[in-house]
Amino acid sequence: MRTLVAGHPLVTHKLTLLRDARSDRAKFRSLADELVTLLAYEATREIRVETVTVQTPVGQAEGVRLARPVPLIVPVLRAGIGMLDGMTRLLPTADVGFVGLVRDEESLVASTYADRLPSDLAGRDTFVLDPMLATGGTLATVAGMLATRGALSVTAICLLAAPEGLLRLEEAFPGEGGVPPVRVVTGAVDERLNDKGYIVPGLGDAGDRLFGEI
Ligand code: URA
């Protein structure tokens, strides 16, 4: 598993505003959206392309276009939905699949309640959207689902990550060039998890801040 922490000052600037408890829902949503687009730029660095030639007004230009089959974007319900628009803005032709996991507040174990993913992912780059990589249980489960269906690569885009979650993913998907390769692209790695499984200092409950308490 490879981890890339975006060290860009604009990412850190927006992340700082996102963390701020005074940022209201509208501000939180638009910051999350902007952050995803910045992180997606890094996350798509190795996306599959094929060469094409186009006719410009003055000659022929060699270029590339996204290879087929198109990538699959997988927002993890519910907080990942808040990252979907920012991602499809960069990849407007991608397919979108959905998974829903809920974690037990006592045991912190995640269980799957929705699975709307294609059954065959052979040859496809996949991008999982989950704002908070906390224990790593959710992302390990989703990456496992995608790997089982034959995904070519799995890249998780997380606004924030905890060391505990990164370690868990590293244990589940060891090595640099695993099959499929698993990568995490995140805005920052925070200190730790607290006893309720929240990232410290983190930003609180991302789902609640995006969509309200349930
Ligand atoms: N999920 C959240 O929304 N926030 C955390 O800090 C951890 C998991």
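Here is a short briefing on the ligand site and the salt bridges of this structure. Bear in mind as you browse that the model is predicted. The ligand sits in the largest pocket, and the protein buries 88% of the area that the ligand exposes when taken alone. Elsewhere in the picture, the structure holds eleven salt bridges.

**Around the ligand**

- If you would like to select the shell, pick Arg 103, Met 132, Ala 134, Gly 197, Tyr 198, Ile 199, Gly 204, Asp 205 and Ala 206.
- Sorted by class, this shell is made up of five nonpolar, two polar and two charged residues.

**Polar contacts of the ligand**

- Ile 199 offers a polar backbone atom that lies 2.7 Å from an oxygen atom of the ligand.
- At Gly 204, a polar backbone atom is 2.8 Å from a nitrogen atom of the ligand.
- Ala 206 also takes part, with a polar backbone atom 2.8 Å from an oxygen atom of the ligand.
- As for cover, the ligand taken alone exposes 240 Å², and 88% of that is buried by the protein.

**Salt bridges**

- Among the eleven salt bridges is the one that joins the side chains of Arg 22 and Asp 20, with an N to O distance of 2.7 Å.
- Arg 22 counts as exposed because its relative accessible area is 73%, over the 50% cut-off.
- Its partner Asp 20 has a relative accessible area of 23%, so Asp 20 is partly exposed.
- Another salt bridge to look up links Arg 65 with Glu 50, where the closest N and O atoms are 2.9 Å apart.

Key
Residues numbered from 1 in each chain as written. Predicted model: local features only at pLDDT ≥ 70, side-chain atom pairs only at ≥ 80, totals over all residues. Heavy atoms only, no water. Near = heavy atom within 4 Å. Polar contact = N/O pair within 3.5 Å; in protein donor to acceptor, adjacent residues only side chain to side chain. Areas by Shrake-Rupley, 256 points an atom, 1.4 Å probe, with all protein chains shown as cover. 1 Å grid on protein atoms, 1.4 Å probe; cavity = no way out; pocket = protein on both sides within 12 Å on 5 of 7 lines; lining within 4 Å. Sits in = over half its atoms within 2 Å of the grid points. Nonpolar A, V, L, I, M, F, W, Y, C, P; charged D, E, K, R; others polar. Salt bridge = Lys/Arg side-chain N within 4 Å of Asp/Glu carboxyl O. Buried < 20%, exposed > 50% of the residue type's maximum accessible area, 1.4 Å probe, protein only.
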